[in-house]
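Thanks for making the time this morning. I would like to walk through the empty spaces inside one chain, and then turn to the parts that surround them.

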Amino acid sequence: MNRRDFLGKTAVAAGAAATTIGAPAVWAQGKKYHWKMVTTWPPNFPVLQVGAERFAKRVKEATEGRITIDVFAGGELVPALGCFDAVSAGTVELFSGAAYYWAGKVPSAQWFSSVPFGLNPQGINTWFYAGEGLKLWEECYAPFNLVPRPQGNTGVQMGGWFRKEMNTMADWKGLKMRIPGLGGKVVAKAGGTVVLLPGGEIFTSLERGVIDAVEWVGPLHDLRLGLYKAAQYYYYPGWHEPGTCLEVTFNKKVYDGLPSDLKVILDSVAAETNIWSLSEFESSNGAALEELINKHHVQLKEFPAEMLVQLGKLSTEVLEEEAAKDPQSKKVNEAFKKFRSQIGPWGTVSEKAYYDRIFGKYALKTT
Ligand code: CA
């Protein structure tokens, strides 16, 4: 056998082997997927719904059309808070939302979006990508036939809009505030009355004084909702949501059945969207805050330091109470606390020191 014959026969043999052994993979690689994605966000909701649509577009581009995704805002295909069940049941392939919406079904899920006095965006991303956060999240969702991925982050939110100044803990007593989730539990412990309102009723309720305070998101979304017209004082920081992570979550059977290259693409586009989302929030919030202060003359106020200490103590109590309700939450809370205590000291000598000593010179200039 000369060299040419040998190479030819080897190539044929190798080709035959690839055809036989690799058939399912080759078949899967040629397969096209057409999915539906539902979200918990209103249509055109800045950064969040826009981010879900961007995710779908980027997946189509990265897969050269092997995966196409039709995106439906909250209520368009299923109710906003029906996303989890629809994807869990497999009637829809994936959703975009925030894990704390599912606290009633998966109490431990709250730690993967945001908890009061929890991690900032850098911290929570570190927990997911370099710590055990994502592994724990997958563990919590697996019984529901779901696979989660971080897909966005609101940044540190604002503390909210108040119709009166907040000077001491006594000011929380009897305060009627729209603040959902664990933050709401802390406000209730402080003596406030927590009011649950759909997004569409928030502005009117605050304007008419039916409620005394509202937390929504941050300058960009708060400006759009016009909250500055209904309350005078805009407080920071958002101790209750210090870096809320948003999710894209897949039906597990759908995700597990994909060829490995498509799984890598989905994971990568989710991570890329996560960075894009935080960048959008940071950029837009900076501009919106300036507009609120200089154009709409909002009174920007920092919560008193002692008040934050007290709210922090109440938050710890709330988290411990929540964690005691089921073993999975206890496991996640313990892991979360351990991670926070490790990353905290480093952040103090790096990010905090840099912000306090150097970046602070860029403090907001008011006209
Ligand atoms: Ca919020």
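Let me begin with the second largest cavity, which is lined by Ser113, Ser114, Val115, Gly118, Leu119, Ile124, Gly243 and Phe336. By class that lining divides into four nonpolar and four polar residues, with no charged ones, and the space in the second largest cavity comes to about 30 Å³. Please keep in mind throughout that this is a predicted model, and that each value I quote is computed from it.

How many cavities of 30 Å³ or more are there? The count comes to two, and the largest cavity holds about 50 Å³ of space. Its lining consists of Trp41, Val47, Leu48, Gly51, Ala52, Ser96, Gln151, Gly152, Leu246, Thr273, Trp276 and Ser277, and among the contributing elements α3 (48-62), β4 (146-153) and α11 each supply at least two of these residues. In terms of class, the lining of the largest cavity has six nonpolar and six polar residues, and again no charged residues.

One residue of that lining, Gln151, deserves a moment of its own. Gln151 sits in strand β4, and with a relative accessibility of 5% it counts as buried, because the cut-off for that label is under 20%. Although Gln151 and Ser268 are separated by 117 residues in sequence, their C-alpha atoms are 10.0 Å apart in space.

Before I go on to the pockets, a few words on the chain as a whole. The chain has 367 residues, of which 47% count as buried, and its secondary structure comes to 13 helices and eleven strands. Along the principal axes, the C-alpha trace spans about 90 × 45 × 45 Å.

Now to the pockets. The largest pocket has a volume of about 2200 Å³, and of the 46 residues that line the largest pocket, Asn120, Val156, Pro237, Glu282 and Tyr355 are the closest to its centre. Two or more residues of this lining come from each of α5 (121-129), α11 (260-294), β11 (299-302) and α13 (327-357), and of these α13 gives the most, with eleven residues. The lining of the largest pocket is made up of 23 nonpolar, 15 polar and eight charged residues. Where does the largest pocket lie with respect to the two domains? Residues from both domain 1 (32-154 + 243-282) and domain 2 (157-240 + 299-325) take part in its lining, so the largest pocket lies between them.

The second largest pocket has a volume of about 1100 Å³, and the residues closest to its centre, out of the 41 that line it, are Tyr100, Tyr101, Arg178, Pro180 and Trp216. Here α7 (181-189), α8 (199-207) and α9 (219-225) each supply at least two lining residues, and by class the lining holds 23 nonpolar, 14 polar and four charged residues. The second largest pocket likewise lies between domain 1 and domain 2, because both of them give residues to its lining.

Trp216, which I have just named among the residues closest to the centre of the second largest pocket, also leads us to the metal. The calcium ion is coordinated by Gln157 (OE1), Glu215 (OE), Glu215 (OE), Trp216 (O) and Glu241 (OE), at 2.3 to 2.7 Å. Along the chain, these donors follow the spacing Q-x57-E-W-x24-E. Are Glu215 and Trp216 buried or exposed? Glu215 is buried, with a relative accessible area of 1%, and Trp216, at 17% relative accessibility, also counts as buried.

Finally, let me come to the packing. The largest nonpolar core has 52 residues, and the members that touch the most others are Phe112, Trp127, Phe162, Trp172 and Trp239. The elements that give two or more residues to this core are α4 (83-89), α5, α6 (133-141), α7, β9 (233-236), α12 (305-323) and α13, with α12 providing the largest share, seven residues. This core also draws on both domains, taking at least three residues from each of domain 1 and domain 2.

I will stop there and take questions.

Conventions:
Residues numbered from 1 in each chain as written. Predicted model: local features only at pLDDT ≥ 70, side-chain atom pairs only at ≥ 80, totals over all residues. Heavy atoms only, no water. 1 Å grid on protein atoms, 1.4 Å probe; cavity = no way out; pocket = protein on both sides within 12 Å on 5 of 7 lines; lining within 4 Å. Points joined across faces, edges and corners; volume = space filled by probe spheres on them. Helix = DSSP H or I, 4+ residues; strand = E, 2+ residues; numbered from the N terminus. Nonpolar A, V, L, I, M, F, W, Y, C, P; charged D, E, K, R; others polar. Domains from an automatic or database assignment. Donors = N, O, S within 2.8 Å, 3.2 Å for Na, K, Ca; no water. Buried < 20%, exposed > 50% of the residue type's maximum accessible area, 1.4 Å probe, protein only. Core = buried A, V, L, I, M, F, W, Y, C linked by side-chain atoms within 4.5 Å.
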